[in-house]
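Trainee: I would be grateful for a close look at the cysteines of this structure, followed by whatever else helps to place them in context. Please set the account out as one connected answer.

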Amino acid sequence: MEAGHTVVAIGLPGAKGAAPEWETRAIDPTGPSHLPRWLRVLGMAACRWLPALAEPIYWSMAHNRAMAACACDIKADLFVANDWSTLPIACRLAETHRARFVYDSHEYAVEEGADRWTWRLLVSPFVRAIETRFIKDAAAVFTVGDRIAAMMQSDHGLRTAPLVVRNTVPLVESPFRPCGDIVEVLYQGLIRADRGLETLIRSVPLWRQEFRLRLRGPGEPAIVDHLKALAATLAADRIVFDPPVPPSDMVAAANRSDVGIHPIPPISNQSRYCLPNKFFEYAMAGLALCVSDSDEMTALLRRHALGHVIDADTPHAIAEAINSFDRPGIDAAKRRAIEASRHLCWENERAHLISAFAALGDG
């Protein structure tokens with residue numbers, strides 16, 4: 001909008017963040033599917049051999065038809081597919097209105113749920129088929145990191161690699177807060193089985209006594225309850241669980257901690273090359289960082305000297321990384337994070353996106 005564009009966003013109801021300035025439309029996701037669930041699931045798996053099945057399966061789902069119908073009266077100049085799940089919709093709308101569309105994949109869609117064998121077997125072939133069918137018709141493709149861009153180019157035979165627009169956060173001037181007697185390590189984000197959180201909790205008894213762990217975020221009750229029970233058994237007095245905070249408050253809430261940790265295990269290319277928004281949230285909050293050895297995160301962490309890398313997906317490796325911090329080193333990394341955040345912010349990153357949209361308008 002600041003670049004002079006009128007924006008309309010369409011999606012599922014139930015957003016938890018603050019209402020945006022632009023127009024929004026929430027769809028009714030209920031309605032009959034054109035296929036029984038068992039047949040739809042089998043068809044998704046069969047896309048591995050028959051990718052042409054992907055499109056009819058996609059349009060058999062009520063929420064996809066509802067989203068396309070909700071947008072049919074919008075005569076936009078450009079449609080944006082936010083994730084692979086809206087790619088066919090953006091393409092159809094662009095064809096209807098003789099416009100163009102772009103695809104923002106964010107991360108590596110074909111391995112989005114690679115921690116679950118059922119997802120790899122049943123869903124991944126469907127996602128790959130959807131991307132392959134529509135991605136070459138996009139006027140531009142975006143993703144969050146160089147390695148994912150290279151994989152997407154190779155996967156789909158794209159003439160040029162997707163444009164990298166990192167998932168940074170808006171600039172906030174976080175105050176420097178020196179370490180106290182207790183050094184708090186923060187995990188802030190989704191509480192999920194694929195985030196390495198059980199391994200993280202198992203590492204806490206191996207930490208020096210001044211360190212404590214705080215986990216903050218939403219999660220499935222069964223997973224959260226399991227992790228809480230494990231924490232109570234291993235280090236009840238050193239681990240705290242917090243409920244999630246609104247997205248607009250995440251940086252301010254993180255600023256009360258000392259070290260931001262992301263111990264995601266390298267189980268797939270998605271996790272090996274991830275560059276999640278929590279990396280930038282931690283830096284923006286003025287925290288030292290302790291992250292798994294993902295190519296993109298490691299390169300940024302070392303470029304700005306923000307903390308330490310976890311060398312392996314084990315409790316001992318996490319503990320070794322945490323115990324390599326001392327208070328002067330954490331405070332120095334905190335100051336560097338505040339300085340780096342002036343560069344690693346959305347105000348700088350959005351320039352790439354605005355330039356890409358402007359080029360499309362000129363084309």
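Mentor: A disulfide is counted here as a pair of cysteine sulfur atoms within 2.5 Å. By that criterion this predicted model holds zero disulfides. Cys274 illustrates the point: the nearest cysteine sulfur belongs to Cys290 and lies 14 Å away, whereas the cut-off is 2.5 Å, so Cys274 is in no disulfide. Burial is a separate matter, for which the threshold is a relative accessible area under 20%. Cys274 has a relative accessible area of 3% and is therefore buried. Cys345 has a value of 1%, so Cys345 is likewise classed as buried.

The surface offers another view. Leu39, found in helix α1 (residues 37–46), has a relative accessibility of 35% and therefore counts as partly exposed. Together with Trp38 and Leu42, Leu39 forms a nonpolar patch on the surface; the accessible area of these residues together is about 340 Å².

The sheet completes the context. Four strands form an open sheet in the order β3-β4-β5-β6, and their pairing is parallel. Its edges are β3 (78–82) and β6 (163–164), each of which pairs on one side only. Strand β5 (residues 140–143) runs parallel to β6 and is joined to β6 by two bridges. Within this pairing, Phe142 has Leu163 of β6 as its bridge partner. In general, the strands of a sheet pair through backbone hydrogen bonds, while a disulfide is a covalent bond between the sulfur atoms of two cysteines.

Notes:
Residues are numbered from 1 along each chain as its sequence is written. This is a predicted model: local features need pLDDT of at least 70, side-chain atom pairs count only at pLDDT 80 or more; totals for chains, interfaces and linings use all residues. Side-chain values use heavy atoms; hydrogens and water are left out. Two strands pair if DSSP finds at least two bridges between them. Buried means under 20% relative accessible area, exposed over 50%, partly exposed in between (1.4 Å probe, protein chains only). Patches are made of residues with over 30% relative accessible area and no salt bridge: like charges are joined within 9 Å, nonpolar side chains (Val, Leu, Ile, Met, Phe, Trp, Tyr) within 5 Å. Accessible areas come from the Shrake-Rupley method with a 1.4 Å probe; for residues, only the protein chains shown count as cover. A salt bridge is a side-chain nitrogen of Lys or Arg within 4 Å of a carboxyl oxygen of Asp or Glu.
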